[in-house]
Amino acid sequence: MKFKVVAIYGSPRRGGNSEILLNNFLEGLGDAEIRKFFLNEMRFVPCQECENIRKDGKCKIEDDMQKLYPEIENADLVVIASPIFFGSVTAQIKMMIDRFQCQWLAINIFKTFIPKKKKGLFLCVEASERKDFFENAKAIIKNFFKTIGAEYSGEVLCCGVAEKGEIEKKKECIERVKELAEKIKKE
Ligand SMILES: Cc1cc2nc3c(=O)[nH]c(=O)nc-3n(C[C@H](O)[C@H](O)[C@H](O)COP(=O)(O)O)c2cc1C
């Protein structure tokens, strides 16, 4: 069976730095079954804190998130790519994460669900050189990974990229994602 990868693109900018980073990572993976999700092009609402929710961990809002839930659950690897926006992940990423609240409740409160074990990777870019922004974003991603059963298994964090596509010039960042892909293939 092929290694199943879910790639989540968190930037609204197509062809931007985080997308380039993620694409380079995916190219390095070779023969895997890859599902790509461009959150900005999906139609979904933020968490509505619905009352009388089901206790099975399944969110009942019928929008594009319903396509993503089973893909994430069945993945062997989930890779999230996001730029830093105002010191954090993008709103698109945060909106997706919040929509896992039903799953969080099922795992931690109702004890009705245990997610399949998988790996999780985080790729992140920013214009500045602020390490604390990456730490902030990482804390959010790590928390999310726990909820989907993913072990935080690697990261590439690239600073000093602002313009669209500028990351192509940062050869060390591209090399780091290629190395990460090699490492994941061997594990
Ligand atoms: C709304 C917005 C907020 C941003 N906030 C930050 C920030 O807090 N710190 C930072 O270093 N860069 C910030 N940036 C710059 C982006 O992180 C940077 O341009 C990044 O390369 C964009 O990635 P992308 O091309 O994948 O969209 C911001 C950009 C936008 C559009």
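Is arginine 99 buried or exposed?

## Arginine 99

In this predicted model, arginine 99 is buried, because its relative accessible area is 2%, and the cut-off for a buried residue is under 20%. Arginine 99 belongs to the loop that runs between α3 (91–98) and α4.

The side chain of arginine 99 makes a polar contact of 2.8 Å with the side chain of aspartate 63. Asp63 also appears among the residues in contact with arginine 99 once neighbours within four places in sequence are set aside. The others in that set are Phe44, Val45, Pro46, Cys47, Cys59, Ile61, Met65 and Tyr69.

## Glutamine 103

Helix α4, spanning residues 101–108, contains glutamine 103. Glutamine 103 has a relative accessibility of 10% and therefore counts as buried.

When neighbours within four places in sequence are left aside, the contacts of glutamine 103 are Gly57, Glu73, Phe113, Pro115, Thr147 and Ile148.

## Packing of α3 and α5

Helix α3 packs with helix α5 (residues 131–147) at an angle of about 30°, and their axes lie 11 Å apart. The two helices are therefore roughly parallel to each other, since angles under 35 degrees fall in that class. The crossing in which α3 passes α5 is left-handed.

On the α3 side, the residues that meet α5 are Ile93, Met96 and Ile97; their counterparts in α5 are Ile140, Ile141 and Phe144. Sorted by class, this contact consists of 6 nonpolar residues, with no polar and no charged residues.

## Packing of α1 and α6

Helix α1 (residues 17–29) and helix α6 (residues 171–186) have axes that come within 8 Å and cross at roughly 35°. Here the crossing of α1 past α6 is right-handed. From α1, the contact draws on Ile20, Leu21, Asn24, Phe25, Glu27, Gly28 and Leu29. From α6, Cys173, Ile174, Val177, Lys178, Leu180, Ala181, Glu182, Ile184 and Lys185 take part.

What is the make-up by class of the contact of α1 with α6? The contact has 10 nonpolar, 2 polar and 4 charged residues. Glu27 of α1 is one of the participants that count as charged, as are Lys178, Glu182 and Lys185 of α6. Asn24 and Gly28, both from α1, fall in the polar class.

Definitions and conventions
Residues numbered from 1 in each chain as written. Predicted model: local features only at pLDDT ≥ 70, side-chain atom pairs only at ≥ 80, totals over all residues. Heavy atoms only, no water. Helix = DSSP H or I, 4+ residues; strand = E, 2+ residues; numbered from the N terminus. Buried < 20%, exposed > 50% of the residue type's maximum accessible area, 1.4 Å probe, protein only. Contact = heavy atoms within 4.5 Å. Polar contact = N/O pair within 3.5 Å; in protein donor to acceptor, adjacent residues only side chain to side chain. Axes fitted to C-alpha atoms, helices over the stretch in contact; angles between N-to-C directions. Left-handed = near helix turned anticlockwise from the far one by under 90°. Parallel < 35°, antiparallel > 145°, perpendicular 65-115°, else oblique.
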